[in-house]
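Me: I would like to go through this model step by step, with the reasoning set out before each answer.

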Amino acid sequence: MKTPFILAGLASTSMALVTNHVPRGLTVVPMTYGGIITEDGEKVELLGTIEDVHQQIKRLNPGYNSSQFLESRSREADVEMHRVVQKRNKNKLLCNIEGDHSDTAIHPWIIKGIQYLLALDGVCKVGAGPCTCARISCSYDSAIYLCNDNAWAIQPEGSYLATYAEHIMIQCFDGQYINEKEFDSDNYNVVVAGDLC
């Protein structure tokens, strides 16, 4: 069994987590991505948003082509099956969040974040809660967060988390801006809102 390694030295602006948009009472931590990025199947753990992770993968494996890599593992079929099976876990949706997390994200940049999440075959880890959040995607001041209210760490698949952002966009999108939250029956939630990045 190969041991995963953690690559933490490749920080970027979006990984810095310096933000004025963190709601009171929440702890924001870096996301840890866990997945396979080489054909020999070596598992890695990388820190940062999914955009940071893509950059780090390209540095570690310059020949990495996410679409070819996923096709070689028949990932598209797995993603679709995962969406169908996991839909039942979505149990509450809040559109137009009020209060501390009320800044809005911009539609095209959330779509881009969703595409990044769908392109990788791995998990997004966040530490034990309650109220612990990892910014799993952020570009052009538009973020997707994974917030954990369990007393233990969680690691849902990135492709599954993308379905939350997709569902939020379908159910709550007003034409340009978005700031929503959807809860999972496993005691975590996904937030789509504005942030500094």
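**Helix packing, burial and backbone geometry**

Me: What is the accessible surface of the protein, and what share of that surface belongs to carbon and sulfur atoms?
Reply: The model is a predicted one, with five helices and twelve strands. Of its 197 residues, 48% count as buried. The accessible surface comes to about 9400 Å², and the share that belongs to carbon and sulfur atoms is 53%.

Me: Among contacts between residues at least 6 apart in sequence, what percentage join residues at least 24 apart?
Reply: One pair distant in sequence is Ala-119 and His-54, which lie 65 residues apart along the chain while their C-alpha atoms are separated by 9.3 Å. For the protein, among contacts between residues at least 6 apart in sequence, the percentage joining residues at least 24 apart is 73%.

Me: How are H4 and H5 oriented, roughly parallel or roughly antiparallel?
Reply: Helix H4 covers residues 107–119, and helix H5 covers residues 158–172. Their axes come within 8 Å and cross at roughly 155 degrees. An angle over 145 degrees counts as roughly antiparallel, so the orientation of H4 to H5 is roughly antiparallel.

Me: Which residues of H5 meet H4?
Reply: The crossing of the two helices, H4 and H5, is left-handed, and H5 is mostly covered, with eleven of its 15 residues buried. From H4, the residues taking part are His-107, Ile-110, Ile-111, Ile-114, Leu-117 and Leu-118, and they meet, in H5, Gly-158, Ser-159, Ala-162, Ala-165, Glu-166 and Met-169.

Me: Why is H1 described as oblique to H4?
Reply: The axes of helix H1 (residues 50–60) and H4 come within 9 Å and cross at roughly 50 degrees. Angles under 35 degrees count as roughly parallel and those from 65 to 115 as roughly perpendicular. The crossing angle therefore makes the relation of H1 to H4 oblique.

Me: Which residues of H4 meet H1?
Reply: The crossing of H1 and H4 is left-handed. On the H1 side the residues are Ile-50, Glu-51 and His-54, and their partners in H4 are Gly-113, Tyr-116, Leu-117 and Ala-119.

Me: Is Ala-119 buried or exposed?
Reply: Ala-119 has its place in helix H4, and among the residues it shares that helix with, Ile-110, Gly-113, Ile-114 and Leu-117 are buried. The relative accessible area of Ala-119 is 15%. Since the limit for burial is under 20%, Ala-119 counts as buried.

Me: Does Lys-125 count as buried or exposed?
Reply: Lys-125 lies in strand S7, residues 122–125. Leaving aside neighbours within four places in sequence, Lys-125 is in contact with Pro-30, Met-31, Thr-32, Glu-45, Ile-154 and Gln-155. Because its relative accessibility is 18%, Lys-125 counts as buried.

Me: Which residue is joined to Gly-129 by a cis peptide bond?
Reply: Most peptide bonds are trans. In the loop between S7 and strand S8 (132–139), where Pro-130 is found, a bond with omega of about 10 degrees is cis, and the residue that it joins to Gly-129 is Pro-130.

Me: What is the phi of Tyr-140?
Reply: Most residues other than glycine have a negative phi. Tyr-140 has its place in the loop between S8 and strand S9 (142–148), and is exposed, with a relative accessible area of 53%. Although Tyr-140 is not a glycine, its phi is positive, at about 50 degrees.

Note on methods. Residues are numbered from 1 along each chain as its sequence is written. This is a predicted model: local features need pLDDT of at least 70, side-chain atom pairs count only at pLDDT 80 or more; totals for chains, interfaces and linings use all residues. Side-chain values use heavy atoms; hydrogens and water are left out. Helices (H or I, at least four residues) and strands (E, at least two) are DSSP runs, numbered from the N terminus. The expected span of a helix is 1.5 Å times one less than its number of residues. Buried means under 20% relative accessible area, exposed over 50%, partly exposed in between (1.4 Å probe, protein chains only). Contact means heavy atoms within 4.5 Å. Accessible areas come from the Shrake-Rupley method with a 1.4 Å probe; for residues, only the protein chains shown count as cover. Axes are lines fitted to C-alpha atoms, for helices over the stretch in contact, and angles run from 0 to 180 degrees between N-to-C directions. A crossing is left-handed if the near helix is turned anticlockwise from the far one by less than a right angle, and right-handed if clockwise.
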